[in-house]
Amino acid sequence: MHLHKYEKWWLIFGVGTLITFLLILGYGAFYLGTHPQSHGITIDPQEIEAEESFKPENLGLTKVDEGQYVLNVVASAFNYDLGTDEEGKPVKHIQIPKGSTVLVQAVTPDVIHGFNIAGTNANMMVEPGFISSMEVTLNKAGEYTLLCNEYCGSGHHMMFATVEVTE
Amino acid sequence: MMKKKTLPNSSSQEPNLKGTIISVSIVGFIIVASWFAVFGLFLSR
Amino acid sequence: MAIEKLLKYEQDSRFPLTLSKSESRLYMSFISFAFIALFVGGLMGLLQVLVRSGYYTLPAGIDYYQVLTVHGVVLGLVLTTYFIIGFQYTLMGKTVGISDTQYRVAWLGFWVMTLGTVMAAITILYGKASVLYTFYAPLQAHPAFYIGLALVIIGSWIACFVNWRQLYVWKKKHPGEKSPLLAFMVVINMIMWFIATLGVAASVLLQFIPWSLGYAATIDVLLSRTLFWYFGHPLVYFWLLPAYMAWYAIIPKIIGGKIFSDSLARLSFVLFLFFSIPVGLHHQLTEPGVQTTWKFVQIILTFMVVVPSLMTAFSMFATFEISGRRKGFGGLFGWFVHLPWKDVRFLAPFVGMLAFIPGGAGGLINASYQLNSVIHNTIWVTGHFHLTVATTVILTFFGITYWLVPHLTGRKLTPSVNRLGIIQTIFWAIGMTIMSAAMHIQGLLGGPRRSSFSEYNGSEQVAEWGAYQVAQAIGGTILFIGIVLMIYIFIKLAFFSPKGNEEFPIAEEEKDAEPTPMWLEKWKLWVAITIALILFAYTIPIMDIIQHAPPGSAPFAWPIGNN
Ligand code: HEM
Ligand SMILES: [Cu+2]
């Protein structure tokens, strides 16, 4: 099979580019450890409270150390449960100091949801049966919208909260 | 017929595809540029 | 019918056959169905962009997601499948012929698919299946929806069997000859489709139907998603390959050129067969239950499937350049200036090709592992596939329609319809540029897909998305005008154009082209490699998913209002 000289050039360039992309991604993944979330820890979707992190009193943002937080979330149609404040009202607004690392852990007792702090890399699927988790560092101050970006039913677009990254 | 039209100094009997190689280079540039743009966005977030 | 035609068939394997009246009716049935779908789905698209602009609410309490389900199912699944099967039948009829039995079985396939489509459509219209075209468990639709989908798949398998048989019979009659290029391509596409749909069929038949009927209490959500995406990625190549068929083997004729390289065209199709299927995990990158290593392995395979598209890009430009130069248009780009811009049969697919440049670049970004978290489930993705499927593929299909429909109905493509077609193409190009660009940008800013209008928390960030949603409404409205124009053109070509003989353009090879090597016809080897790659890419992930499965999910019907 005959290839034109220029087609050879083009394919060498193209394949070289693809390999370069893969090397960059592979370096990020396997050397620096930046993967999209996937650790495959399972949970019984009907008994999420059996897991310590998802007991009602443990939901929401908890400071574990200087600049280190854990954010436990229960996503259900059509709400993010981030725990309650002192007055017993549901939390819909959380504040995180800029630059701190947050371990996000999310589960669902019902259908598939999304977990996206819009405009950041904190983007996960939340599926019944699995604990979704990833560590994020929010470096830019501002008000972000935490929203559901996987269709979960008629109120899907009403599922949100606010994440404020403070100076 | 096709084989008569060759590059002036090309040794093989190949059609002149200068325009083609320029066109696909533009395509390649768009691919690389947009990939690195989003890669930069990923790193900056 | 076909026996007689095969006798007329000359030694030259590229000599096209004629299509009989009854054959034409079969092919037109598929294509007409596709255009009905285009109109219905386009109307839904218009409603979506209007709702999302924030200035319009749906009347009579219609649910946005019901509208979106119709849009996705009718355009993504029905329009594409019907048009493709119809078009591919015409290619087979033209190059290898169809026997009476094959013809009857083909009709059976049409009716099975149509029964399934009607069942699914009724369920959706009754609001019992607002699950979107991906029908992710544990959202639960009425069983009739899943049964309808199963019938559509089974009906499409009948088309696979017929197409394979058509080529098989031809090859028996022409021992030692290479199969006609277009027949080769159709059969590759149908092999890919068959292997891919086995996944979704398994999921629908073994998981969804028993579960929705109440025979199974729970469903393995991750397994169902993995089987869906095992099918979902080759699905997009099933859409794309018929467009490539037209690019490789029909467009050269329209522009007065020859096929650039018969063997490279075949090779790229074989590569598509290999690498289209073992890549579905790239749709599941942000999921918790899939191992990272296997995600990355499938990313590598995904990058491999870019290679045949790179080959195609080169072939297209080369075809244009060679035929332009042959006509005497010199200089670096003289050939480009002199392409037949005023011939809609060329212009529409050409705009489709252009759209594939940003479309392909975007696809590479989507598949780039970590980068996926920048865009996953944002409206960027919607912008992306409105370039690839709703522009590249659809405009090529429109480009085919301009000559195929009059060819089938014994009419002519008149200059006035040609002019209207050019206007249609321009509308599509402008509308899609606006809509898709706005979607891409809004997606990078974090705006979600599959979402009705919402102010969310009323933050500045969300307010910023508003302008882009308005832009999408403007682009979408222009697109809808394009759809109305296209429907008008279709009706005109099918029923009202003057009688005549419209050419079915099939390009030929150069007289002195290098002969195509016979190893390209090693069908069994191609299928074996395809299966081996699938087993490699999927065995361990799927075993892992099954072995480490969490307790299954009970059905949830209320979130979609199916109670
Ligand atoms: C008038 C022309 C069109 C308009 C205005 C339009 C608009 C839209 C919009 C706004 C969405 C996203 C809605 C959302 O995510 O909430 C969408 C989704 C979609 N569109 Fe289109 N579209 C048009 C034509 C097409 C065509 C021709 C096709 C296919 C051939 C197509 C296939 C799809 C698919 C598969 C989805 C995904 C549905 C889902 O996410 O479930 N569209 N369209
Ligand atoms: Cu949700």
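This report describes a sheet in chain A, two chain interfaces, the salt bridges and some backbone features of a predicted model.

## The sheet in chain A

Chain A holds an open sheet of five strands with mixed pairing, and the strand order is β4-β10-β9-β6-β7. The edges are formed by β4 (93–97) and β7 (123–126) of chain A, each of which pairs on one side only. From one strand to the next, the twist averages 20 degrees.

At the β4 edge, β4(A) and β10(A) run parallel and are paired through five bridges. One residue pair here is A:I94 with its bridge partner A:V163, the latter in β10(A). On going further into the sheet, β10(A) meets β9(A) in an antiparallel pairing of six bridges. In this pairing A:T162 of β10(A) stands opposite A:T145.

At the other edge, strand β6 (residues 113–117) of chain A is joined to β7(A) by four bridges, and the two strands run antiparallel. A:V126 in β7(A) has A:H113 opposite it. As background, side chains in a regular strand alternate between the two faces of the sheet.

## The interface of chain A and chain C

The size of an interface is often given as the accessible area lost when the parts come together. Between chain A and chain C this buried area is about 5,500 Å², and carbon and sulfur atoms account for 67% of it. The contact involves 66 residues of chain A and 73 residues of chain C. Three residues, A:M1, A:Y151 and A:H157, supply 14% of the area that chain A buries against chain C, which is more than any other three residues supply.

Polar contacts across this interface link 29 residue pairs, with both residues at pLDDT 80 or more. On the side of chain A that touches chain C, the elements giving two or more residues are α1 (5–31), β7, β9 (142–147) and β10 (160–166) of chain A. Helix α1(A) gives the most, with 14 residues. Sorted by class, this side of chain A has 34 nonpolar, 26 polar and six charged residues. Strands β7, β9 and β10 thus appear both in the sheet and among the elements that touch chain C.

## The interface of chain C and chain B

Chain C also touches chain B, in a contact that takes 26 residues from chain C and 23 residues from chain B. About 2,400 Å² is buried between these two chains, with 77% of the area coming from carbon and sulfur atoms. Seven residue pairs are in polar contact across the interface, both residues being at pLDDT 80 or more.

On the side of chain C that touches chain B, two or more residues come from each of α11 (306–326), α13 (344–366) and α14 (372–375) of chain C. The largest share is that of α11(C), with eight residues. By class, this side of chain C has 18 nonpolar, three polar and five charged residues.

## Salt bridges

Side chains of opposite charge can pair when their charged atoms come close. Over all chains the count is 18 salt bridges. Two of these lie between chain A and chain C, whereas zero are found between chain C and chain B. The table gives two examples.

| Residue pair | N to O distance |
|---|---|
| A:E127 and C:R225 | 3.2 Å |
| C:D262 and C:K178 | 3.5 Å |

Where do the two residues of the pair C:D262 and C:K178 lie? C:D262 is in helix α9 (residues 262–276) of chain C, while C:K178 is in the loop between α5 (143–173) and α6 (181–212) of chain C, so the salt bridge ties together parts that are 84 residues apart in sequence.

## Backbone features

Most residues other than glycine have a negative phi, and most peptide bonds are trans. In chain A, the peptide bond joining A:A77 and A:F78 is cis, with omega about 0 degrees. A:F78 belongs to the loop between β2 (68–76) and β3 (79–81) of chain A.

Chain C has a cis peptide bond from C:A137 to C:P138, where omega is near 0 degrees. C:P138 lies in the loop between α4 (100–125) and α5 of chain C. C:A60, a residue other than glycine, has a positive phi near 55 degrees. The loop that holds C:A60 is the one between α2 (21–53) and α3 (64–95) of chain C.

Notes: Residues numbered from 1 in each chain as written. Chains lettered and ligands numbered in written order. Predicted model: local features only at pLDDT ≥ 70, side-chain atom pairs only at ≥ 80, totals over all residues. Heavy atoms only, no water. Pairing = 2+ DSSP bridges. Axes fitted to C-alpha atoms, helices over the stretch in contact; angles between N-to-C directions. Contact = heavy atoms within 4.5 Å. Buried area = accessible area lost by both parts, 1.4 Å probe. Salt bridge = Lys/Arg side-chain N within 4 Å of Asp/Glu carboxyl O. Polar contact = N/O pair within 3.5 Å; in protein donor to acceptor, adjacent residues only side chain to side chain. Nonpolar A, V, L, I, M, F, W, Y, C, P; charged D, E, K, R; others polar.
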